[in-house]
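Work through these short exercises with the model in view. Try each task before reading its solution.

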Amino acid sequence: MGRLSAEFWVGTEARSSALLLALIVGLGTLILHYVFGVWGDRIATLLLMSLMGVLALSVFTGNSGIVSFGHTAFMGIGAYVSGILTMPAAVQKGALPSLPDFLAGHELGLAPALAFVLLAGLVAGLVTGLPIARLSGSGASIATLALLIIIHVILVGAREITRGSQTFYGVPNLTTVWVALPLALAFIVVARLFKDMPAGLRLRAARENEVAAAASGVNIFTARYVGWVLSAALAAVAGAIYGHFLSAFSPKDFYFDLMFTMIAMLIVGGMLTVTGAIVGTALITAVIQILRQVESGFDLGFVHIPIIFGLTLVGLGLALLLAIWRRPLGVAGLYELAWPASAGPTAELAAAPPAPPAQGAALEIAGLTKRFGGLVAAEDVSFRVAPGEIVGLIGPNGAGKTTIVNMICGQLQPDAGDAVLDGASLAGQGPSAIARLGLGRTFQAIRLFDRLTVTENIMVAALSVEESPGSARQAVARLLTRLELRSVADQRAGTLAYGPRRRLEIARALALRPRYLLLDEPAAGMNPAETDALVATLSRIRDDFGVGLLVIEHDMRLIMRLCDRIVVVNKGQKIAEGTPEAVRGDEKVIEAYIGRRRERAAA
Amino acid sequence: MTLRTSILAATTLATALAAGAPALAEDFTIGLATAQTGGLAFVDQPSLQGFQLAVEEINANGGLAGKHKIVLDIKDTRSDTAATVQAAQELVAAGVKVLITPCDADPSIAAGQISQPAQIPSFTFCGTTPTIPSAVGDYMFGTYPADNAQAALLADYAVEKGYKTAYVLKSPDTAYTLKLPEYFAEVFQKKGGTIAGEGTYALGQQDFSAEVTKIKGLDPQPDVVMTAAYEPDFPAFIKQLRSAGITSAVLGSDGVDSPTTLGLGSDVDGLVHTTAGFPSEGSGVAAFFEKWKAKTGAAPETIYIATGYEIPFIIDAAVTAAGGATDGPTLRDAIANLKDVPLVTGKVTYAGTNRMPSRDITLVEVRGGARTLVKTATPDPADVPAP
């Protein structure tokens, strides 16, 4: 239970931000109501309905970065479920004569009907998420498009229940501004809190960098699945409210047109934040409502404006174009509305004892082999890294170093051999499971979650292993101090200079409380002074955390100074292993590696 | 300007915008929540053009029943059902006497849900789904030939021609392409015909080889193939049907009443289809087309201009029958009791119907790139299948 409740933990900033956003939308609605009367209520109802749909969409699309074209299908499901359950029995007999008995004659109120809608949305999300959460990027988007079409065909085909392509009528007109308002406010709070919950944070991490997220212990499928299911359930409720507004609809009302409107709202506002979803919905609604008044023509007394239909659609198109051109991330961009941050006391933390390394255990690489067609990238490579030991893995370009690293981390499955971490075989484990078992890593080309803050970057990994949100926060605070990142803790990772970026990546890997850390060319692109600083940092990490380090590096100076032992590979095979001095004098190494360099230098 | 006055000004402006120009006591405001842009504009636009011309003419003669000038409050629904609901809410709140809804069932029924409780008689511009009035209630009326009436006339014609067996091709994707052939099959069987088979297609499907093979495999070949397909499906289907050597007669609905059909050459020779009206020599439609041409300088592109033109005259007939009364219940009863109102495309009767009018429908035959009149008739209400 402790673990589950930890999943619902959110910081005070997210909570206050959720309240602030809800407050603003609530106030806006009241202003529309008290200033503009019934006319304002109508606009507010449209606005709140759209907002519900856009927020439901943003829970998945905003946090995962995968644009979903399928969400109106869930809205359709919600509308039909609620329509059937609330329909007066007399109307239902005429409209749906062949409705299956278990669905007929319920005449539920809106609240109980919405409970069933939520359930239907959950089920639809659970089923459709199984394939979709496994996909990434545009592949996933295309899959959602296919989903939209499939559900549309099902709605058209289920004639007994939906009247097929014919108008589904008799749905009670239940959507008023006072029904839509509390629901929309609830959606705002849910969407905003989810974004900062562990599940939302993991989903955003996967959006920023899938490989790094997995290496930080994030199960990508689970992260996407959770977001998808929640998003689908919310969309179903939004659809039910939309259905009770229309009171007569057919599957085509939940097809491409509605989808594009919702996506337009999300893109214009900015899909990365809840603020963006609200701003986009409000902006597009305002553009539509103002232009449709203008296009209907009116008399100002001194000048008569004629009817110009089409203005609304032109305006909508222009707004979308302008947004994409001037603000590719939407009007809100990365900005999330929040109370001005109160400079709370920085929790000073006692240095927690590092995880004690298991005695006698080691990271054991045993006979790893990988072939790509005829090319042998790694052949029977074996070596070990003891706790607290720093081992260098070197070799000329194309020697197979990265292949070996990728096999150890689970990104590549070896054709033969195994990596054993303190007695536990890593064979067949995915990158995220291996990360949680205690193997942290950094990447040759730094992989950070660029649009997440420094703190959030580390938090993603900390949440993978820490028992409670509290201990995760402490771990993050400790690492911020240790890696000298405290001053940039609230900056986005993408804005950092090179040095802090490297340190952040290491901090994130250390947040996994790893027993072994794999560093892929940590000094790449550094000047000698920076490299010296890095050597000091890495030595300190070994001393402080007691971790074993496997360092893949080209920089001979760094390797020779830092490592206790060096493993040399060439053409996929281990050709030498030993202390820096021993390796430096090894004939084969000179021939394969250093020798070639000399030749090149001579030439 | 203080905050208070600016809010007041904004409110006033908003109210003025929402309500449109205030109507005089004698005026009769008709609200139009129709699709002037988007997917339905191809039917709602010409309907509105005809509608406006009729209003001009009626007003020139002193207004409805000679005394109520018509004022139009026109709103575009962008072919969006939610926007139609909003427009209907605004028009009903503004106190319109009659509401006009788009040429489609969803927005018409949705808008009808708003006007029905307000007791405002409402017409769909040219929605053909026969369930539109019954789904809404006693204030909702159709005007255009309904799907089931078109189907009944086509079945009558098939029986008259001596066809014994028919193949129907339908698409579940829209109510029109699905129900019209189903209504046809119902009437055709009731009158002694046999359905030799039926096939389905998806809208936009370009390959009809499976359906054509199915028809080709029938022994004996069906006397007639009936479908409510329209472009781009109908041209693809008929080309593939004819090139497979199938010579059965083909019956279509008003969806193929477009110039495209005439461009299909000999493949469509002999095609008989329904239409709301046809400008044959000396007909009311021909006279209207002449008038339209004289007025605008161009021949009408579609029959929807004529059917849109008819609606204000239906309202005029009702107001006249009600002795000039314009309150909702009186007007509703007057419309529901209209009988044999002479209009451009023929006579229209609401009395004794479920508010989808009994009216003349025209059958035309395509040959040599031109249409000729087959007949204009009102299907016997007893033959028209229940929606």
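**Exercise 1. Count the residues that each chain gives to the contact between chains A and B.**

Solution. Chain B gives 33 residues and chain A gives 33 residues. Two residues are in contact if their C-beta atoms, placed from the backbone, lie within 7 Å. Next, find the elements on the side of chain B that touches chain A. α1 (3-19), β2 (70-76), α3 (81-93), α4 (105-115) and α7 (175-190) of chain B each supply at least two residues. Helices (H or I, at least four residues) and strands (E, at least two) are DSSP runs, numbered from the N terminus. Last, sort that side of chain B by type: 16 nonpolar, ten polar and seven charged. Here Ala, Val, Leu, Ile, Met, Phe, Trp, Tyr, Cys and Pro count as nonpolar, Asp, Glu, Lys and Arg as charged, and the others, Gly among them, as polar.

A note on the source: this is a predicted model, where local features need pLDDT of at least 70 and side-chain atom pairs count only at pLDDT 80 or more, while totals for chains, interfaces and linings use all residues. Residues are numbered from 1 along each chain as its sequence is written, and chains are lettered from A and ligands numbered from 1 in the order in which they are written.

**Exercise 2. Trace the open sheet of four strands in chain A.**

Solution. The order is β4-β3-β6-β7, with antiparallel pairing. Strands pair if DSSP finds at least two bridges between them. β4 (375-385) and β7 (424-425) of chain A are at the edges with a single partner strand each, so one side of each lacks a neighbour in the sheet. Now take one pair: β3 (residues 363-372) of chain A and β4(A) are joined over seven bridges. A:Ile365 sits opposite A:Phe383 in β4(A).

**Exercise 3. Check the length of helix α18 (residues 469-482) of chain A.**

Solution. Count 14 residues. The expected span is 1.5 Å times one less than the number of residues. That gives 20 Å, and the end C-alpha atoms are 20 Å apart, so the two agree. Then look at burial. Buried residues in α18(A) include A:Pro469, A:Ala472, A:Val476 and A:Leu480. A residue is buried if 20 or more other C-beta atoms, placed from the backbone, lie within 10 Å of its own. Just after α18(A), A:Glu484 takes a positive phi of about 55°.

**Exercise 4. Put chain A in numbers.**

Solution. Chain A has 23 helices and twelve strands. Its C-alpha atoms fill a box of roughly 95 × 55 × 50 Å, taken along the principal axes. Of its 603 residues, 52% are buried.

Notes
A residue is buried if 20 or more other C-beta atoms lie within 10 Å of its own, exposed if 12 or fewer, and partly exposed in between; C-beta atoms are placed from the backbone.
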